[in-house]
Amino acid sequence: MIHTAYGDAGRLFVIIAFVSALVATFAYFKSVISSTRLDEVPVWKRFARGAFFIHAAAVAGVVFCLYWIIGNHYFEYHYAWDNSSLSLPTGFVISSFWQDQEGSFLLWIFWNVVLGLVLIVTNRSWEGPVMAIFALVQAFLASMILGVVIPGLDLKIGSTPFLLLREAMPDIQIWQTNPNFIPKDGNGLNPLLQNYWMVIHPPTLFLGFATTLIPFSFAMAGLWTKQVKEWIRPALPWALLSAMILGVGILMGAYWAYETLNFGGYWNWDPVENTSFVPWLVLVASIHTMIIGRRNATALKTSFILAIATFVMILYSTFMTRSGVLGNESVHSFTDLGLSGQLLIYLMTFVVLAVGLLIARWKLLPSDNEEVSSYSPEFWIFIGATLLCLAGFQILATTSIPVYNAIAESFGKILNLALPTNPIAHYNKFQIWFFALITLLTGIGQFFWWKRTGEGRLGTLYPPLLITLILSAVFITLGEVRTISYIVLLTAATFAVVANGTILLNILRGNYKLSGGAVTHIGVALMLIGILFSSGYTRVISLNNSGLMISRSEEFTKNDNKENKENVTLWLNRPEQMGQYMLTWRDVRVEPRHIPEYIPKSWVEIIENDFHAVALRDIVVKDKTYYKTGDTLEIYPENFYYEIEYRAPSGKVFTLFPRAQINPRMGLISSPDIQRKYDKDLYTYVSMVTNPNEEGKWSATEEFTVAMKDTFFVNDYVAILDNVVRTDKVDGLPLRENDAAVKAIIRVLDSEKEYIIDPSFVIRDRTVGRKAAVSDELGLRIQFREINPQTGQFTFAVNTKQRDFIVMKAIEKPLINVLWLGTFVLVIGFMMATVRRFRDFSKNQRREMASPKKQKIRTPQFNADSV
C-alpha cells in the first residue's frame, strides 16, 4: 500500500510553513515601523507572533511526516528509498533524515524555529525587528523544500522530500506494468556516514549555522531602529554561544574525519570544511570587536560589518556546498538539485539588504575623535580581529577557485583555475604565520585588557616572555623541531599559554566568572601545539623495504610512488617486520549486532543483499554462547574488520581492527583503528584488500594419486600425505550412525611454516561424499577424491588461487591528545564567557525594566522617512 497521506500532509505543512513565515515577516515589519498607529503595534506584534507559532507548528509537522516516512521504511518515497534501508539501526535511520539536501535544510529550519521561539520569550523588546529578519530567513529556507513548479514558466522552486519514487523517477519501465510498485529495500545510508559522529555532528553544525542568524538579526535591527550601540549587549552572548556551537560542530566533523576518513588526519583543508571554518573565524573576530564596540567607534562599525559578514559567509558556504560547484573537489559536497539560482537569490537578497541598510545608516554611526593608542587594549584586540579576518580571507580566496571558474563560464570565458594539488602545503604556508601572530596577540592582548601592562609598564611582559623562551627551548630540543615556521608557531603558542595562564591565576584570585577569555585563549594555544606536532611530525612507520612495487595504479604511483613506499603487504597469518613491530594479519571479522565483539567471518555465512547471516558453528564470546549452529543473526553486512596483531619489542601484544567496506558505487572505503597513548596515536588503516565477499578465482583442477608418506607439489609448496584416519566429525556435514568417514592428514611445507590440511571422505548408503579442505593462508583447496584399497593409493583434486593479502598503512601522530585537550578547554572557556555575558545582559535588562526612562529608550523605534 502506498502511504500517500503522509507525503500529502508533509507538502501541506511545507506550504503552511512558507506562507506563515512570509506573513510573520510582514506583520513583524508592520509592528516596528513608527508610521503605524501606536495602538496597532501590539496588534501587529500579536498577529506576527501567532503567524510564527503557526510556522513553528507547521515545521514540526514537516519534521514528523518526513521522519515517519523514513522510520517506517516507506520506500515508495524517493527520499526514504535513496537514503535509508531496512538494515539501518535506529541511530543511522536518524542520520538518514539529514543525509540529503532537503533533510538538512529542514534541520536548519527546525533549529531556526527553536531559536526564534527562545528569542520571543526572552527578549521581547527586540522581538519586532529581530524576528522580522528571522521570519524572512525562514521564508527563504522553507522555499528550498517547497518543491513546486510555476505553471507556464516551468520555474522550479525548491525540492520537496515528499516526492514518490514514481514521481522522482518516472522513466523506469516498472511503472507501466505495476504503478503501485514499492521496492522491498532502500539504497541505504552512505557508508562514510555510518558513524556515530554523524548522528550528532550535523545537528550541532546546523545549530551553529542557525545561531549565526541571531547576531546578524540584532545588527540589522540595530541599524533599522537606529540603536547602533544597544544591539551589542543582547547580541554578544548569542555570538559567543554561536561560536561555541559552530566550533564544536566543526571539530566534531574533524574528529569524524579522523576516525572515519584516511585523508591525512582530521582536516586536510577540504573545501567543504573550509567553507564552515571561515565563518567561524569571522564570527570570533566579530566577538572581539563587539566586546569593545560600545566604547570604540571603529570597533562598532567593524562589528556591524563582521556580524553581517558571518551570516553572509554561512549563506555563501551553503551556496558552495549545495550548488554542485565543489562536486569534484570534496567528499562532503552535495550534488546540484537545480537550486543554484534560488540559492544565489537567497544569498544576494541578504547581501543587498544588509549592505544597503549599513550604507544608509553609516553617517549615523559615531566616529572616534582621537586615534587609538597602541598601548590601549582596543588597539591589540582590533589587530587580533583583523588577523583573524585575513586568515579567513586567505582560505576563502583559494577555496572559491571553482566559483571563479563558474562565474567566468557564465560569461563565456574559460579560466581553468585549479585548486592546489597539495592543499595542506598551500594553506599551511600562510596559516602558520597568521596563527603564530594571532596566538601571540592573545597573550599580549590579555595583558593590556586586564591592565597588567601599558605605556611605561611593558616590563610586566618580561617574566612570561622569559618563561616562554625557556619552555620553548625545551620543547624544541625534545621535539627535535627544526623548521623555522614551526619554531615560531610553537614559541607563540607557548607564550599564549604562559601569558593567559598568568592572567587566569590573577583572575581566579578575584572573580573566576571573568576568566572565560583567558581559558578560551589557552585552549586555542593548546590546539595549535597539538596540530603542530600531530600534523607536522606525523611519521609513517609502514615503510615498504621489500623493494617491490605494491601496485601500478595511479593512487599508488602518484607523487613519486608515495603510497608504494609507505604501505606494507601482509599475507594471512605470516608475520612481517614493520619498524619496531612484528605484524601479523590474523583474520577477517564481521560485526554482529548483538554481540559485544567482532567475530571471525568464517563463523557465519552472510546472506546476500541482507543484513542477516547464518551461524556455521556455535558462536561463543567470553564464555557466553550467543547463537547455536544454524541460527540466524543480524550483522552489519558492509563492514569487515581486519585483525592485525602488533607485537612490540617489549613483548607487549595488542590488536587493531581497521575497517573496510566494499561499496559497489564507491569501491573500497577504509577506516582506521587507532591505538591511543598519552603521547601519540598509532593510526592504522588498510589501503587494499581482497574482497571478502568473493571467493577468489580457483585454478583448473589438478589430480594427484599418492601412497602413504608420498610427497607431491602443490603450487609452490611441498605436500606430504602423512596419514588417513577414521573420523567422527566432518565440518558442515552431520554424520549418521551408519556413515563411514575418514580424513587425510596432509602436511604442507611453506618456507617458514608447516600447515595441516585434512579433506574428508564420507560413505553414506553406498554414496560417496567429499568435503574439501580450504586454506586461505596458502590459497589451496584439496578434495579427497578416491581410495584404492588394491594399490593403497589415494587420489586428491587440488585447486590453487591467489593467497589472501592486505596492504596497510600505519602512522604515528605525536601529541594529538594535546589538540583534543585544547578543544575541551576552548569549549569550557566559551561556555564561561557565554554564561557571564548572558547574566550581564539579564541583569541589565532587569535594571532597564525597573527604570521607565531607560525602558523607553530600550524599545526600538523606527522612522520610515530616514530609510
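Accessible areas here come from the Shrake-Rupley method with a 1.4 Å probe. On that basis, the predicted model exposes about 40,000 Å² of surface, and carbon and sulfur atoms account for 59% of that area. As for what sits inside, 53% of the protein's 867 residues are buried.

In overall dimensions, the C-alpha atoms take up a box of roughly 120 × 75 × 60 Å along the principal axes. The secondary structure is a mix of 23 helices and 28 strands. The chain is split into four stretches by the domain assignment: domain 1 covers 1–189, domain 2 covers 204–370, domain 3 covers 554–684 and domain 4 covers 702–801. Between domain 2 and domain 4, the C-alpha centres are 71 Å apart. Contacts reach a good way along the sequence, too: taking those between residues at least 6 apart, 68% link residues at least 24 apart.

Turning to charge, the side chains come out at 76 positive and 71 negative. The centres of these two sets are separated by 12 Å.

The cysteines round things off. With a disulfide taken as a pair of cysteine sulfur atoms within 2.5 Å, the count is zero. Two of the cysteines can be placed by their exposure. Cys65 has a relative accessible area of 3%, so this residue is buried, the cut-off for that class being under 20%. Cys389, at 24%, is partly exposed.

Definitions and conventions. Residues numbered from 1 in each chain as written. Predicted model: local features only at pLDDT ≥ 70, side-chain atom pairs only at ≥ 80, totals over all residues. Heavy atoms only, no water. Helix = DSSP H or I, 4+ residues; strand = E, 2+ residues; numbered from the N terminus. Buried < 20%, exposed > 50% of the residue type's maximum accessible area, 1.4 Å probe, protein only. Contact = heavy atoms within 4.5 Å. Lys, Arg positive; Asp, Glu negative; His and termini not counted. Charge placed at Lys NZ, Arg CZ, Asp CG, Glu CD. Domains from an automatic or database assignment.
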